[in-house]
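Work through the exercises below with the model in view. Try each task before you read its solution.

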Amino acid sequence: MKFFVLVALFAFAAADSYKAAEYKAPMYDSPKYEAPKYVAPKYEAPKYEAPKYETPKYETPKYEAPKYVAPKYEAPKYETPKYETPKYEAPKYETPKYEAPKYETPKYETPKYEEVTYAAQPYSFGYDVQDKESYTDFEHNEKSDYNVVTGSYRVVLPDSRVQIVTYKADANGYTADVKYEGEAKYPEYVESQYKSAASYAAPAYKAPEYKKPAYTAPAYTAPAYTAPAYQAPAAYPKY
């Protein structure tokens with residue numbers, strides 16, 4: 001209870017001692033304008049200094065007499081030339097290689113025959129053959145006028161008869177008339193004395209013999225060399 005009374009008294013005392021704040025309008029100071037001060041420049045006349053002239057100094061040139069150095073003379077050195085005997089190499093000989101020729105059998109080609117057709121032409125011919133050794137007796141005659149071919153042939157047969165054939169060929173075909181003269185005879189067999197030609201032997205081919213050529217190496221003679229005589233040089237001049 002006392003506590004509440006004390007608090008109330010303290011609050012009342014504080015309210016009685018509070019004073020409201022006073023408001024003061026701000027003070028405005030107008031700016032002060034000061035005109036700039038003009039300082040007139042000071043003019044100083046330039047100082048002129050007369051140039052100083054100095055007389056040039058002349059130095060007499062110094063002359064030095066040239067020094068003469070006598071040349072040094074060196075006698076030339078003579079070297080005896082070295083002689084080298086040339087080296088000789090004997091030429092190398094190679095025996096030629098012989099190759100036997102290759103023989104190729106020629107190829108035979110059967111010739112091609114083309115049948116040639118000729119226009120029919122008038123012709124006439126006749127021939128006969130008589131060879132007693134072969135018992136050949138033959139005769140043939142023929143003629144043509146381009147359209148009709150007529151002819152005949154006669155042959156002695158082995159039985160001694162003679163066969164005669166007369167023929168005719170025209171646009172209608174071929175016709176023949178065969179006749180025989182004489183009687184057939186059959187004599188005893190007699191061996192013919194006719195000998196056929198000797199059989200043909202193909203020639204034998206022999207390869208040619210190759211003889212190796214005799215080679216003689218050429219004789220080499222070394223060249224004779226004479227060393228040149230040396231002559232001492234004359235005395236050198238003295239300086």
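Two strands pair if DSSP finds at least two bridges between them. Keep that rule at hand for residues that stand opposite each other, such as Glu142 and Gly151 in β3. The model is predicted.

**Exercise 1. The parts list**

Task: State how many helices and strands the chain has, and give their pattern along the sequence.

Solution.
- Step 1. Count the elements. The chain has one helix and five strands.
- Step 2. Read along the sequence. The pattern is α-β-β-β-β-β.
- Step 3. Turn to burial. The chain has 239 residues, and 5% of them count as buried.
- Step 4. Add the surface. About 26800 Å² is exposed, and carbon and sulfur atoms supply 56% of that area.
- Step 5. Look at contacts between residues at least 6 apart in sequence. Of these, 22% join residues at least 24 apart.

**Exercise 2. The sheet**

Task: Find the order of the strands in the sheet, and say which strands are at the edges.

Solution.
- Step 1. Write down the order. The sheet is open, has five strands and runs β1-β2-β3-β4-β5. The pairing is antiparallel.
- Step 2. Pick out the edges. They are β1 (123–131) and β5 (173–181), each of which pairs on one side only.
- Step 3. Note the twist. From one strand to the next, it averages 10°.
- Step 4. Go through the bridges. Between β1 and β2 there are nine bridges. Seven bridges join β2 (residues 136–144) to β3 (residues 149–156). Eight bridges join β3 to β4. Each of these pairs runs antiparallel,,.

**Exercise 3. Across the strands**

Task: Start at Gly126 and find what stands opposite in β2. Then find the bridge partner of that residue in β3.

Solution.
- Step 1. Opposite Gly126 in β2 stands Asn141.
- Step 2. From Asn141, cross to β3. The bridge partner there is Ser152.
- Step 3. Take the next residue along. Glu142 stands opposite Gly151 in β3.
- Step 4. Go on from Gly151. In β4, Tyr167 stands opposite Gly151.

**Exercise 4. The hairpins**

Task: Which residues take a positive phi in the hairpins of β1 and β2, of β2 and β3, and of β3 and β4?

Solution.
- Step 1. Between β1 and β2 lie four residues. Tyr135 takes a positive phi near 55° in this hairpin.
- Step 2. Between β2 and β3 there are also four residues. Here Tyr146 has the positive phi, near 90°.
- Step 3. The hairpin of β3 and β4 has five residues between the strands. Ser160 in the turn has a positive phi of about 80°.

**Exercise 5. The aromatic rings**

Task: Count the aromatic pairs, then describe the pair of Phe125 and Tyr127 and the pair of Tyr153 and Tyr167.

Solution.
- Step 1. The rule is that ring centres lie within 6.5 Å. The count comes to six aromatic pairs.
- Step 2. Take Phe125 and Tyr127. Their centres are 6.3 Å apart, with 10° between the planes. Planes under 30 degrees apart count as stacked, so this pair is stacked.
- Step 3. Check exposure. Phe125 is partly exposed at 35% relative accessible area, and Tyr127 is partly exposed at 39%.
- Step 4. Take Tyr153 and Tyr167. This pair is tilted, at 6.4 Å centre to centre and 45° between the planes.
- Step 5. Place the rings. Tyr153 lies in β3 and Tyr167 in β4, so the pair ties together parts 14 residues apart in sequence.
- Step 6. Compare their cover. Tyr153 is partly exposed, at 28%. Tyr167 is buried, at 8%.
- Step 7. Follow the ring pairs. They link Tyr123, Phe125, Tyr127, Phe138, Tyr153, Tyr167 and Tyr174 into a cluster.

**Exercise 6. One residue in detail**

Task: Is Gln163 buried or exposed, and what does the side chain of Gln163 make a polar contact with?

Solution.
- Step 1. Locate Gln163. This residue is in strand β4 (residues 162–170).
- Step 2. Apply the cut-off. Buried means under 20% relative accessible area. Gln163 has 17%, so Gln163 counts as buried.
- Step 3. Find the polar partner. The side chain of Gln163 makes a polar contact with the side chain of Tyr180, at 3.1 Å.
- Step 4. List the contacts, leaving aside neighbours within four places in sequence. They are Tyr153, Arg154, Val155, Leu157, Val178, Lys179 and Tyr180.

Notes. Residues are numbered from 1 along each chain as its sequence is written. This is a predicted model: local features need pLDDT of at least 70, side-chain atom pairs count only at pLDDT 80 or more; totals for chains, interfaces and linings use all residues. Side-chain values use heavy atoms; hydrogens and water are left out. Helices (H or I, at least four residues) and strands (E, at least two) are DSSP runs, numbered from the N terminus. Buried means under 20% relative accessible area, exposed over 50%, partly exposed in between (1.4 Å probe, protein chains only). A polar contact is a pair of N or O atoms within 3.5 Å; within protein, one must be able to donate a hydrogen and the other to accept it, and residues adjacent in sequence count only if both atoms are side-chain atoms. Contact means heavy atoms within 4.5 Å. Axes are lines fitted to C-alpha atoms, for helices over the stretch in contact, and angles run from 0 to 180 degrees between N-to-C directions. Accessible areas come from the Shrake-Rupley method with a 1.4 Å probe; for residues, only the protein chains shown count as cover. Rings of Phe, Tyr and Trp (its six-membered ring) pair if their centres lie within 6.5 Å; planes under 30 degrees apart count as stacked, over 60 as edge-to-face and the rest as tilted.
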